[in-house]
Amino acid sequence: MGNRGMEDLIPVMNKIQDAFAHIGQPSSIDLPQIAVVGSQSAGKSSVLETSWEGTFCPRGSGIVTRRPLILQLHPAKSEWAEFLHCKGKKFVDFEEVRKEIVAETDRETGSNKGISAIPINLRVFSPHVLNLTLVDLPVLAVSPANTDLANSDALKIAKEVDPEGVRTIGVITKLDLMDEGTDARDILENRVLPLRRGYVGVVNRSQADIDGRKDIKSALASERKFFLSHGSYRHLSDKMGTSYLQKVLNQQLTNHIRENLTSSSK
(Lines give C-alpha, C1' and ligand atoms only; values in the text may rest on other atoms or scores of the structure.)
Protein backbone atom coordinates (compact mmCIF):
# COMPACT_ATOMS: atom_id res chain seq x y z
CA MET A 1 0.00 0.00 0.00
CA GLY A 2 1.14 3.54 -0.65
CA ASN A 3 1.19 6.52 1.68
CA ARG A 4 -2.48 7.64 1.65
CA GLY A 5 -1.69 11.23 2.57
CA MET A 6 0.91 11.39 -0.19
CA GLU A 7 -1.50 9.87 -2.71
CA ASP A 8 -4.02 12.64 -1.97
CA LEU A 9 -1.45 15.44 -1.97
CA ILE A 10 0.46 14.68 -5.15
CA PRO A 11 -2.48 15.30 -7.57
CA VAL A 12 -3.01 18.71 -5.98
CA MET A 13 0.65 19.62 -6.45
CA ASN A 14 0.54 18.40 -10.04
CA LYS A 15 -2.45 20.65 -10.80
CA ILE A 16 -0.67 23.65 -9.30
CA GLN A 17 2.39 22.88 -11.40
CA ASP A 18 0.23 22.63 -14.54
CA ALA A 19 -1.44 25.95 -13.80
CA PHE A 20 1.89 27.75 -13.68
CA ALA A 21 3.05 25.94 -16.83
CA HIS A 22 -0.06 27.16 -18.71
CA ILE A 23 0.73 30.79 -17.96
CA GLY A 24 4.40 30.33 -18.74
CA GLN A 25 5.60 31.29 -15.27
CA PRO A 26 7.69 29.38 -12.74
CA SER A 27 5.82 28.30 -9.65
CA SER A 28 6.06 30.73 -6.75
CA ILE A 29 4.99 27.96 -4.38
CA ASP A 30 7.62 25.77 -2.76
CA LEU A 31 6.54 22.51 -4.39
CA PRO A 32 8.53 19.34 -3.67
CA GLN A 33 10.76 18.71 -6.67
CA ILE A 34 13.80 16.68 -7.65
CA ALA A 35 16.45 18.32 -9.78
CA VAL A 36 18.45 15.68 -11.65
CA VAL A 37 21.82 17.08 -12.77
CA GLY A 38 24.92 15.62 -14.38
CA SER A 39 27.17 15.68 -17.40
CA GLN A 40 26.29 14.33 -20.83
CA SER A 41 25.78 10.54 -20.83
CA ALA A 42 26.13 10.30 -17.05
CA GLY A 43 22.95 8.23 -16.86
CA LYS A 44 20.37 10.83 -15.76
CA SER A 45 17.62 9.59 -18.06
CA SER A 46 18.28 5.97 -17.12
CA VAL A 47 17.97 6.77 -13.41
CA LEU A 48 14.55 8.35 -14.01
CA GLU A 49 13.36 5.53 -16.24
CA THR A 50 14.44 2.77 -13.87
CA SER A 51 12.78 4.54 -10.95
CA TRP A 52 9.28 3.96 -12.25
CA GLU A 53 9.82 0.98 -14.59
CA GLY A 54 9.40 2.62 -17.99
CA THR A 55 11.37 3.50 -21.14
CA PHE A 56 10.59 6.83 -22.74
CA CYS A 57 13.73 9.01 -22.93
CA PRO A 58 15.42 9.76 -26.27
CA ARG A 59 18.60 7.78 -26.96
CA GLY A 60 21.57 8.42 -29.18
CA SER A 61 24.99 9.99 -29.37
CA GLY A 62 25.85 13.59 -28.53
CA ILE A 63 23.46 15.87 -26.66
CA VAL A 64 20.16 14.00 -26.76
CA THR A 65 18.13 15.69 -24.00
CA ARG A 66 17.93 19.30 -25.20
CA ARG A 67 14.97 20.62 -23.19
CA PRO A 68 14.07 20.20 -19.51
CA LEU A 69 11.56 17.43 -18.89
CA ILE A 70 9.03 17.92 -16.09
CA LEU A 71 7.81 14.44 -15.24
CA GLN A 72 4.64 13.98 -13.20
CA LEU A 73 3.70 10.52 -11.95
CA HIS A 74 0.06 9.64 -11.34
CA PRO A 75 -1.23 6.36 -9.85
CA ALA A 76 -3.49 4.43 -12.23
CA LYS A 77 -4.62 0.88 -12.94
CA SER A 78 -3.16 0.91 -16.43
CA GLU A 79 -0.08 2.53 -17.96
CA TRP A 80 -0.27 5.48 -20.35
CA ALA A 81 0.99 9.04 -20.77
CA GLU A 82 -0.01 12.47 -22.00
CA PHE A 83 1.78 15.75 -22.71
CA LEU A 84 0.63 19.15 -21.59
CA HIS A 85 1.20 20.52 -25.11
CA CYS A 86 -1.24 17.98 -26.58
CA LYS A 87 -3.51 17.37 -23.62
CA GLY A 88 -6.23 14.83 -24.24
CA LYS A 89 -4.12 12.65 -26.53
CA LYS A 90 -3.46 9.35 -24.80
CA PHE A 91 -0.11 7.63 -25.42
CA VAL A 92 -0.12 3.91 -24.57
CA ASP A 93 3.04 3.07 -26.53
CA PHE A 94 6.07 4.56 -24.78
CA GLU A 95 8.09 4.41 -27.98
CA GLU A 96 5.59 7.01 -29.24
CA VAL A 97 6.23 9.04 -26.08
CA ARG A 98 9.92 9.04 -26.89
CA LYS A 99 9.23 10.11 -30.47
CA GLU A 100 6.96 12.94 -29.29
CA ILE A 101 9.65 14.24 -26.93
CA VAL A 102 12.06 14.35 -29.88
CA ALA A 103 9.46 15.98 -32.15
CA GLU A 104 8.43 18.60 -29.59
CA THR A 105 12.08 19.38 -28.92
CA ASP A 106 12.67 19.93 -32.63
CA ARG A 107 9.56 22.11 -32.89
CA GLU A 108 11.03 24.45 -30.30
CA THR A 109 14.74 24.27 -31.13
CA GLY A 110 14.83 23.15 -34.74
CA SER A 111 16.61 20.01 -35.87
CA ASN A 112 20.08 21.53 -35.57
CA LYS A 113 20.65 20.24 -32.02
CA GLY A 114 19.75 23.57 -30.41
CA ILE A 115 19.00 23.77 -26.68
CA SER A 116 16.01 25.44 -25.03
CA ALA A 117 15.11 26.17 -21.41
CA ILE A 118 11.38 25.79 -22.16
CA PRO A 119 10.31 22.54 -20.50
CA ILE A 120 8.28 19.65 -21.85
CA ASN A 121 5.59 18.58 -19.39
CA LEU A 122 4.93 14.84 -19.39
CA ARG A 123 2.40 13.00 -17.25
CA VAL A 124 2.83 9.29 -16.73
CA PHE A 125 -0.01 7.18 -15.36
CA SER A 126 1.11 3.83 -14.00
CA PRO A 127 0.30 1.20 -11.35
CA HIS A 128 3.97 1.41 -10.29
CA VAL A 129 3.71 5.01 -9.09
CA LEU A 130 2.43 4.21 -5.60
CA ASN A 131 5.63 2.35 -4.83
CA LEU A 132 7.97 5.31 -5.25
CA THR A 133 6.36 8.73 -4.96
CA LEU A 134 8.99 10.28 -7.23
CA VAL A 135 8.20 13.97 -7.28
CA ASP A 136 10.88 16.57 -7.30
CA LEU A 137 12.70 17.82 -4.18
CA PRO A 138 16.34 16.84 -3.57
CA VAL A 139 19.19 17.47 -5.97
CA LEU A 140 20.27 14.18 -7.51
CA ALA A 141 23.87 14.68 -8.62
CA VAL A 142 24.39 11.88 -11.15
CA SER A 143 28.03 10.96 -11.86
CA PRO A 144 29.42 7.92 -13.70
CA ALA A 145 31.75 5.75 -11.62
CA ASN A 146 34.30 5.47 -14.43
CA THR A 147 35.18 9.20 -14.38
CA ASP A 148 37.03 11.45 -11.91
CA LEU A 149 34.54 12.49 -9.24
CA ALA A 150 36.65 15.54 -8.38
CA ASN A 151 35.75 16.93 -11.81
CA SER A 152 32.10 15.91 -11.69
CA ASP A 153 29.86 18.44 -13.46
CA ALA A 154 26.95 17.14 -11.40
CA LEU A 155 28.59 17.98 -8.08
CA LYS A 156 29.65 21.39 -9.36
CA ILE A 157 26.10 22.21 -10.44
CA ALA A 158 24.69 20.83 -7.19
CA LYS A 159 27.04 23.01 -5.16
CA GLU A 160 25.80 26.11 -7.00
CA VAL A 161 22.17 25.49 -6.07
CA ASP A 162 22.83 23.76 -2.74
CA PRO A 163 26.07 25.27 -1.35
CA GLU A 164 25.50 23.81 2.13
CA GLY A 165 24.91 20.36 0.70
CA VAL A 166 21.71 19.82 2.69
CA ARG A 167 19.67 18.61 -0.30
CA THR A 168 22.21 16.84 -2.50
CA ILE A 169 22.22 13.07 -2.91
CA GLY A 170 25.08 11.66 -4.98
CA VAL A 171 24.04 8.99 -7.47
CA ILE A 172 26.87 6.91 -8.90
CA THR A 173 26.09 5.13 -12.18
CA LYS A 174 28.01 2.73 -14.44
CA LEU A 175 29.59 0.80 -11.57
CA ASP A 176 29.46 -2.28 -13.75
CA LEU A 177 31.60 -0.57 -16.42
CA MET A 178 34.64 0.13 -14.26
CA ASP A 179 38.00 -1.35 -15.26
CA GLU A 180 38.78 -4.72 -13.73
CA GLY A 181 40.46 -4.37 -10.35
CA THR A 182 38.97 -0.94 -9.67
CA ASP A 183 35.91 0.04 -7.68
CA ALA A 184 34.07 3.04 -6.24
CA ARG A 185 34.00 1.80 -2.63
CA ASP A 186 35.62 4.94 -1.17
CA ILE A 187 33.05 7.13 -2.95
CA LEU A 188 30.07 5.05 -1.89
CA GLU A 189 31.34 4.97 1.69
CA ASN A 190 31.28 8.80 1.52
CA ARG A 191 35.02 9.16 2.07
CA VAL A 192 35.75 11.04 -1.19
CA LEU A 193 34.10 14.46 -1.56
CA PRO A 194 31.64 13.58 1.23
CA LEU A 195 28.02 14.69 1.01
CA ARG A 196 25.78 15.14 4.02
CA ARG A 197 23.26 12.75 2.46
CA GLY A 198 25.88 10.45 1.01
CA TYR A 199 25.95 8.49 -2.23
CA VAL A 200 23.78 5.74 -3.71
CA GLY A 201 25.18 3.43 -6.37
CA VAL A 202 22.92 2.21 -9.17
CA VAL A 203 23.32 -0.10 -12.16
CA ASN A 204 21.10 0.95 -15.05
CA ARG A 205 20.16 -1.00 -18.14
CA SER A 206 22.73 -0.86 -20.92
CA GLN A 207 21.79 0.12 -24.47
CA ALA A 208 22.07 -3.58 -25.34
CA ASP A 209 19.57 -4.38 -22.56
CA ILE A 210 17.16 -1.77 -23.93
CA ASP A 211 17.59 -2.97 -27.52
CA GLY A 212 16.99 -6.52 -26.28
CA ARG A 213 13.85 -5.29 -24.48
CA LYS A 214 15.06 -6.30 -21.03
CA ASP A 215 12.28 -5.14 -18.74
CA ILE A 216 12.84 -2.98 -15.67
CA LYS A 217 11.85 -5.75 -13.24
CA SER A 218 14.59 -7.99 -14.63
CA ALA A 219 17.01 -5.05 -14.59
CA LEU A 220 16.31 -4.40 -10.92
CA ALA A 221 16.89 -8.07 -10.13
CA SER A 222 20.22 -7.93 -12.00
CA GLU A 223 21.16 -4.76 -10.16
CA ARG A 224 20.43 -6.38 -6.80
CA LYS A 225 22.51 -9.45 -7.76
CA PHE A 226 25.41 -7.19 -8.79
CA PHE A 227 25.63 -5.51 -5.39
CA LEU A 228 25.18 -8.74 -3.42
CA SER A 229 27.87 -10.57 -5.39
CA HIS A 230 30.48 -7.81 -5.71
CA GLY A 231 33.23 -8.08 -3.12
CA SER A 232 33.64 -4.30 -2.78
CA TYR A 233 29.94 -3.50 -2.45
CA ARG A 234 28.41 -6.50 -0.69
CA HIS A 235 28.63 -4.82 2.73
CA LEU A 236 26.78 -1.79 1.32
CA SER A 237 24.12 -3.72 -0.61
CA ASP A 238 21.23 -2.68 1.67
CA LYS A 239 21.94 0.97 0.88
CA MET A 240 22.60 0.60 -2.83
CA GLY A 241 20.39 0.30 -5.89
CA THR A 242 17.35 1.93 -7.44
CA SER A 243 14.89 0.57 -4.86
CA TYR A 244 16.89 2.12 -2.01
CA LEU A 245 17.13 5.41 -3.91
CA GLN A 246 13.33 5.42 -4.23
CA LYS A 247 12.99 4.99 -0.46
CA VAL A 248 15.42 7.84 0.21
CA LEU A 249 13.53 10.16 -2.14
CA ASN A 250 10.20 9.21 -0.63
CA GLN A 251 11.48 10.00 2.85
CA GLN A 252 12.95 13.31 1.72
CA LEU A 253 9.65 14.29 0.13
CA THR A 254 7.72 13.40 3.27
CA ASN A 255 10.09 15.39 5.46
CA HIS A 256 9.94 18.39 3.12
CA ILE A 257 6.14 18.49 3.13
CA ARG A 258 5.98 18.04 6.90
CA GLU A 259 8.47 20.86 7.51
CA ASN A 260 6.72 23.24 5.10
CA LEU A 261 3.24 22.51 6.42
CA THR A 262 4.47 23.02 9.99
CA SER A 263 6.16 26.34 9.22
CA SER A 264 3.19 27.64 7.19
CA SER A 265 0.76 26.91 10.02
CA LYS A 266 2.66 29.03 12.55
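Colleague: How many helices and strands are there in the chain?

Modeller: The chain of this predicted model contains eight helices and seven strands.

Colleague: What makes strand β6 largely enclosed by the rest of the structure?

Modeller: A residue is called buried when its relative accessible area is under 20%. Six of the six residues of β6 (residues 168–173) are buried, so the strand is largely enclosed by the rest of the structure. T168, G170 and I172 point one way, while I169, V171 and T173 point the other way, and all are buried.

Colleague: Why are β6 and strand β7 said to pair?

Modeller: Pairing requires at least two bridges between two strands. Between β6 and β7 (residues 199–201) there are three bridges, in the parallel sense; the criterion is therefore met. Within β7, G201 stands opposite I172.

Colleague: How do you know that the span of helix α7 agrees with the expected value?

Modeller: The expected span is 1.5 Å times one less than the number of residues. For the 14 residues of α7 (residues 216–229) this should be 20 Å, and the end C-alpha atoms are 20 Å apart, which agrees.

Colleague: Which residues of α7 are buried, and what puts them on the same side of the helix?

Modeller: I216, A219, L220, E223, F226 and F227 are buried. They cover an arc of only 115° around the axis, which puts them on the same side of α7. The face turned away from that buried side carries K217 and K225, which are exposed.

Colleague: What makes the approach of D215 to K217 at the start of α7 close enough for a polar contact?

Modeller: The cut-off is 3.5 Å, and a side-chain oxygen of D215 reaches to within 3.2 Å of the backbone nitrogen of K217.

Methods:
Residues numbered from 1 in each chain as written. Predicted model: local features only at pLDDT ≥ 70, side-chain atom pairs only at ≥ 80, totals over all residues. Heavy atoms only, no water. Helix = DSSP H or I, 4+ residues; strand = E, 2+ residues; numbered from the N terminus. Buried < 20%, exposed > 50% of the residue type's maximum accessible area, 1.4 Å probe, protein only. Arc of directions from axis to C-beta. Polar contact = N/O pair within 3.5 Å; in protein donor to acceptor, adjacent residues only side chain to side chain.
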